[in-house]
Amino acid sequence: MRLSGRGIRCVRGGREVFSNLDFEASSGEVLAVTGPNGSGKTSLLRLVAGLLSIAGGSIDLEGGETELNLPEQAHYLGHRDALKPALSVLENLAFWRDFLGGEALDPAQSLAAVGLDHASRLPAAYLSAGQRRRLSIARLLAVRRPLWLLDEPTNALDAPGQSLFTGLMTDHLARGGLVVAATHAPLGLPARELRIGGAS
Amino acid sequence: MTALAAMIRRDIRIALRVGGGALIGVLFFLTVVVLMPFAVGPDLALLTRLGPAILWLGALLASLLTLDRLFMADHEDGSLDLIVMSRTPLELTCAAKALAHWLAAGLPLVIATPVLGLLLNLDATSTSAVALTLLAGTPALTFTGMIGAALAVTLHRGGLLLAVLVLPLSVPVLIFGVAASEAAITGPLSFGAPFSILCALSLISFVIGPFAAAASLRQGLD
């Protein structure tokens with residue numbers, strides 16, 4: 001599987017964020033998107049996820065499932081964690097497992113993988129920022145998608161959480177997955193770097 | 001199918017839990033109807049004559065009350081991004097969300113109608129006629145209101161804008177809903193004609209609502 005972008009141009013609110021951006025990554029690779037604040041890292045992820053319309057250029061995924069388009073084969077982990085405070089941890093995760101569909105894992109098992117199994121009955125409203133992030137990461141495990149689009153994935157995670165997440169990413173890559181991560185902190189994995197804006 | 005069932009289950013669950021909107025709508029409906037006799041005065045004949053219109057207006061306003069959260073809540077916490085990316089067509093998801101909203105917020109209004117009819121001096125036949133028209137008409141309010149709820153997300157404005165957008169669209173439903181109830185109570189027109197049109201309006205909104213809402217949500221992505 002191979003993800004590639006050619007001559008991408010991004011315009012937000014009438015202002016050009018970046019243009020002529022090229023990148024590529026193949027199965028088992030991490031593409032780390034770096035750059036100063038406001039350089040368009042999140043915008044690039046949202047362009048790949050199909051959540052922003054592309055102003056120029058193209059983004060292609062080769063070698064995926066042919067009847068599905070790119071966003072349908074991707075997980076998006078953004079700043080906002082898509083959790084409902086009124087639902088319990090397990091209910092939140094079970095909903096996304098059922099709604100997103102496809103090859104899925106038992107929610108309790110994915111909660112255990114991120115160290116949240118003790119809190120599964122707790123309403124999500126009572127979770128700390130780090131726990132919310134862990135629950136969002138559990139969604140990546142509960143439903144299998146080959147492409148992970150991660151926006152500052154290690155934000156709010158403590159040191160054990162970060163190394164746990166590095167392990168989960170390694171497993172994902174070993175299964176032939178692909179990760180695109182916008183990040184300021186090092187991911188703890190060998191990665192191709194794509195630098196947007198700033199000094200480059 | 002699993003995806004849509006999951007969406008309906010989740011939305012109903014959230015609406016019924018603390019902070020959800022299901023009970024607020026019924027309470028608001030109750031308040032509007034209870035206030036009417038105080039405003040109109042204790043003239044029982046007048047209340048009977050105005051009864052169906054009051055119940056319909058109350059139900060219309062109550063169903064609007066929680067509608068602006070339909071997509072806004074999902075937009076704010078990022079769920080909408082995942083919904084748009086998912087393998088389920090957005091139109092079907094919109095329809096499922098509207099159905100869940102109706103089950104949680106619209107159906108309780110229909111169930112409360114017989115009780116509130118007593119306050120307006122309506123007899124059993126009249127209240128059941130009004131309840132029946134509400135059962136046929138409130139889905140149309142939800143499914144057309146959904147278009148406004150989606151536009152509210154697109155335009156980043158909630159609340160009042162929704163009322164301004166949605167209320168004109170609900171005029172036909174209100175006209176035929178009240179006409180059918182009046183026909184059942186006082187005649188001389190037959191109940192069937194306005195009631196059939198009311199059902200037709202609901203059926204049309206089932207088709208147009210989800211497509212318009214999905215188109216609006218796709219436009220509003222950013």
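What radius of gyration does chain B have, and what would a compact globule with 222 residues have? Keep this in mind as you open the structure, which is a predicted model.

**Stop 1: chain B as a whole**

Select chain B and show the cartoon. You will find 10 helices and zero strands, so the pattern along the sequence reads α-α-α-α-α-α-α-α-α-α. Now for the opening question: chain B has a radius of gyration of 18 Å, which agrees with the value near 17 Å for a compact globule of 222 residues. Its C-alpha atoms fill a box of roughly 55 × 35 × 30 Å along the principal axes. Of the 222 residues in chain B, 50% count as buried. Among the chain B contacts with a separation of 6 or more, 80% come from residues 24 or more positions apart.

**Stop 2: a loop in chain B**

Next, select B:N121. This residue is in the loop between α6 (90–119) and α7 (124–154) of chain B. Look at its backbone: phi is positive, about 60°, although B:N121 is not a glycine. Is B:N121 buried or partly exposed? It counts as partly exposed because it has 18 C-beta neighbours inside 10 Å, while 20 or more would make a residue buried.

**Stop 3: where the chains meet**

Show both chains together. Here 22 residues of chain B are in contact with 23 residues of chain A. On the chain B side, α1 (2–16) and α5 (79–85) each supply at least two of the touching residues. Helix α1(B) gives the largest share, seven residues. Color this side of chain B by class and you will see nine nonpolar, six polar and seven charged residues.

Now zoom in on B:A6, which sits in helix α1 of chain B. It is buried, with 20 other C-beta atoms within 10 Å. Which residues of chain A does B:A6 touch? They are A:F95, A:D98 and A:F99, not counting residues up to four places away in sequence. Try a distance within chain B as well: the C-alpha atoms of B:A6 and B:A96 are separated by 9.4 Å, although these residues are 90 residues apart along the chain.

**Stop 4: helix α2 of chain A**

Cross over to chain A and select residues 89–100, which form helix α2. At 1.5 Å a residue, its 12 residues should span 16 Å, and the end C-alpha atoms are 17 Å apart, which agrees. How many of the 12 residues of α2(A) are buried? The count is 11, so the helix is largely enclosed by the rest of the structure. Among the buried ones are A:F95, A:D98 and A:F99, the residues that B:A6 touches. To see what covers the buried residues of α2(A), show the helices around them: the cover includes α3 (107–113) and α4 (129–142) of chain A, together with α1 of chain B. Just after α2(A) comes A:G101, with a positive phi near 70°.

**Stop 5: chain A and its sheet**

Zoom out to the whole of chain A. It has five helices and eight strands, and from the N terminus the elements run β-β-β-α-β-β-α-α-α-β-α-β-β. Its radius of gyration is 17 Å, close to the 16 Å that the globule rule gives for 200 residues, so chain A is as compact as a globular protein of that length. Buried residues make up 44% of those 200 residues.

Now pick out the open sheet of five strands, which has the order β5-β6-β7-β3-β8 with parallel pairing. Strands β5 (74–77) and β8 (192–195) stand at the edges with a single partner each, so one side of each is left without a neighbour in the sheet. On average, neighbouring strands are turned by 15° against each other, direction ignored.

At the β5(A) edge, four bridges join β5(A) to β6(A). Select A:A74 and you will find it opposite A:L147 in β6(A). Then add helix α1 (residues 41–48) of chain A, which lies across β3 (30–34), β6 and β7 (178–182), running at about 145° to β7(A).

**Last stop: A:E152**

Finally, select A:E152, in the loop between β6 (147–151) and α5 (159–174) of chain A. This residue is not a glycine, yet its phi is positive, near 45°. With 18 C-beta neighbours inside 10 Å, A:E152 counts as partly exposed.

Technical notes: Residues numbered from 1 in each chain as written. Chains lettered and ligands numbered in written order. Predicted model: local features only at pLDDT ≥ 70, side-chain atom pairs only at ≥ 80, totals over all residues. Contact = placed C-beta atoms within 7 Å. Nonpolar A, V, L, I, M, F, W, Y, C, P; charged D, E, K, R; others polar. Rg over C-alpha atoms; globule rule 2.2 N^0.38 Å. Expected span 1.5 Å × (residues − 1). Pairing = 2+ DSSP bridges. Axes fitted to C-alpha atoms, helices over the stretch in contact; angles between N-to-C directions.
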